[in-house]
Amino acid sequence: AATYKKQYRFSYSYLKDEFLAQDALQETYVIDLDYLDEITTLNYLDRVGSTCNAYMYCLVGGFKKVFKKEESNPYQKLYMIIGIAAGVFLCAWSFFYILGTLKVFCFIAGTFLILFSIRMKVLDFDFKIIILTIAFFLISFHDAVFELPDETFKVAAPVIAYLLGQVLVGNEKDDMDKRITFYYIMLMSGAYIHAVWNFVGGYRQPDFSTEAWSEMLTDMFMARTAFEFDFLLTTGAVFFAILQLIKTKKKVYFLLLLMESVVLFLVIKVEGRYNLCILIGELVLFWLIWIISHLKNSSPKLKKVFCVSTGIIVLLVLALIVCFNKNIGGLKDLYMQSYFTGGGGVFHNVRFEIARQGFWIMLDNPNGGAVVCIMDQSNNAHNMWINYGLEFGVTVFLLLCLFVLFTIIDCVKLIIRKSDCATTYLLIGGYIAINVFLFLEAASSLADNAQQWLFALVLAGMIKQAGNH
C-alpha cells in the first residue's frame, strides 16, 4: 500500500490528473500481478523503487520487464533474421508483383506464415478466413470447370495474404507498433520505388502520354491509374508521419512527408487524381477522429482550442462550397477548366454510372458469366467487387462484401481501442487508400497479373491482429 501511494503521487506529478494517474497505476499493478511469484526478496523490490527512473519505468508498464527473469531463447536471433527476411520479401514483392505469380507468392509467403505461426503457437479464430475460403473455393471451382490453370493458388493466395498480415503483427504486445511500422514501410517502399521508376522512366518514352505509357519491367502498355496504385501506401501513411513527427521530432518521419510531396508532384504532372483526393479525405477524416477521441480527457483550454479550430475549418469549407456554387472569384470556372473534370469530375465521375449499370447486370445474371458492354467498357464495372459478381455470381459478390464489412468493423474496433496509437492511422490509412482505388478502378479479379488486392488483404490481417492485442 505504501509503495502504491508513493507511485501514485509520482504519477500524479507528471500526469496532473487524478483519473489518469489511477489508470496508470492500475495498468502497472495488473501487469505486475502475473509476476509476483518471481519477486523473491524485499531487496529486489526496494531496488526497483529506489530511483525516479525506475518509477517512470513502472508507469509505462515496465514492471513486466523489470520483474520478469531473463529467459535465454536460443531461437531469438533466428526469428530476428526471419523477421528481417519477411520484410525484405514484402519489399521485393511490392516491387516485382507485376512479374510474379500467385504460385510463387503462395510458396514464399506460406513459408513465412508457417515459421511465424510456430513462434506464435496460437492463432485467434477468425470468421473472415472462412468467408475468404468459401468465396475463392467457388471461384476456383468455376475456373476448374473451364479448365483454367492455377485454381489452387487462387484459393490459397488471399487466405495466405490475410494470415500473413496477422502473424507479422504477432501476439506479443512488446514492440508491436515497431513491427507494424517496419513491415508497412517495407511493403510501401518496394511499391514506391517501382512507381517512381515508372513515372520518371515514362517521361522519357516517345509514346508517353498522361493517360498511359509502357511499364518499365514488362514493357506492357498500362493506364496511368495502374501506376498511381503503387503510391497509395505512401499516401496512406501521411497522417501517421505527421503524428510521429510532432511526437518524436525524428527526421525519418519528415522523410515520409517529403516522399509524399514527390508523389503529389509526379501524379499532378500526369493529371492523376487518386492520391491527391485520397490524401485530402484521409487527413480530414483522421483529424476529426483524433480530435473526438481526445476531447474527453483534454483540459478545458485544449477543448476550447479544438472547438474553435473545428468551427473555423467548417466555416471555411462552407464558404468554399458557396464560392464554388456561385462562381465567386471564378472558382467554378477554374475547376471546370482543370483536368479534375475529366470523366465527369470528382463527384459525378462516369465510373459511378458504370458501376451502377454493372450492379444491375450482375443481379440479372446471378450465376455469373455476364459478358456485356457497359458504356463502352467491355465486361468491366470499374469496381472490383462488382467485377467479381459479374464473372463468378452474386454469391461470391456477397461473400466478398461481407469480408469488407467485417474488416470495417475491425477498423472501428482498432480506433476505439487504440486511437492514441499512430500505427492505427497507418494501417487504416493504407487500407482505405487501396480499397477506394479498387472501388473505382477497372481492377480485374485476382490473377497472376492482378495481385493488387493482396496488399489490402495483408493490411486487413494486420488490422485484425492489432485490434485483438
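Modeller: Let's start with helix α15 (residues 274–295) and helix α16 (residues 300–325): their axes come within 11 Å and cross at roughly 150°. Keep in mind that this is a predicted model.

Colleague: Okay, but why is α15 called roughly antiparallel to α16?

Modeller: The cut-off for that name is an angle over 145 degrees. The axes here cross at roughly 150°, so α15 counts as roughly antiparallel to α16. As for its hand, this crossing is left-handed.

Colleague: Which residues of α15 and α16 meet?

Modeller: From α15 you get Trp 287, Ile 291 and Leu 295, and they meet Lys 303, Phe 306, Ser 309, Thr 310 and Ile 313 of α16. Sorted by class, that contact has 5 nonpolar, 2 polar and 1 charged residues. Lys counts as charged, so Lys 303 is the charged one.

Colleague: Now for α13 and α14. At what angle do they pack?

Modeller: Helix α13 (residues 238–248) packs against helix α14 (residues 251–269) at about 150°, and the axes are 8 Å apart. Over 145 degrees is the rule again, so α13 is roughly antiparallel to α14. The way α13 passes α14 is left-handed.

Colleague: What makes the contact between α13 and α14?

Modeller: On the α13 side it's Val 238, Phe 240, Ala 241, Ile 242, Gln 244, Leu 245 and Thr 248, and on the α14 side Tyr 253, Phe 254, Leu 256, Leu 257 and Glu 260. By class there are 9 nonpolar, 2 polar and 1 charged residues.

Colleague: Next pair: how do you know how α19 and α20 run relative to each other?

Modeller: Check the angle. Helix α19 (residues 384–392) and helix α20 (residues 394–417) cross at roughly 155°, with axes that come within 7 Å. That angle is over 145 degrees, so these two are roughly antiparallel.

Colleague: And is the crossing of α19 past α20 left-handed or right-handed?

Modeller: Right-handed. Trp 385, Ile 386, Tyr 388, Gly 389 and Phe 392 of α19 touch Val 394, Val 396, Phe 397, Leu 400, Cys 401 and Val 404 of α20. That's 10 nonpolar, 1 polar and no charged residues. Gly counts as polar, so Gly 389 is the polar one.

Colleague: Let's talk about empty space. How many cavities of 30 Å³ or more are there in the whole structure?

Modeller: The search finds 2. The second largest holds about 30 Å³ of space.

Colleague: What lines the second largest cavity?

Modeller: Its lining is Ala 191, Phe 229, Asp 230, Leu 232, Leu 233, Ile 434 and Phe 455. In classes, that's 6 nonpolar, no polar and 1 charged. Asp counts as charged, so the charged residue is Asp 230.

Technical notes
Residues numbered from 1 in each chain as written. Predicted model: local features only at pLDDT ≥ 70, side-chain atom pairs only at ≥ 80, totals over all residues. Heavy atoms only, no water. Axes fitted to C-alpha atoms, helices over the stretch in contact; angles between N-to-C directions. Helix = DSSP H or I, 4+ residues; strand = E, 2+ residues; numbered from the N terminus. Parallel < 35°, antiparallel > 145°, perpendicular 65-115°, else oblique. Left-handed = near helix turned anticlockwise from the far one by under 90°. Contact = heavy atoms within 4.5 Å. 1 Å grid on protein atoms, 1.4 Å probe; cavity = no way out; pocket = protein on both sides within 12 Å on 5 of 7 lines; lining within 4 Å. Points joined across faces, edges and corners; volume = space filled by probe spheres on them.
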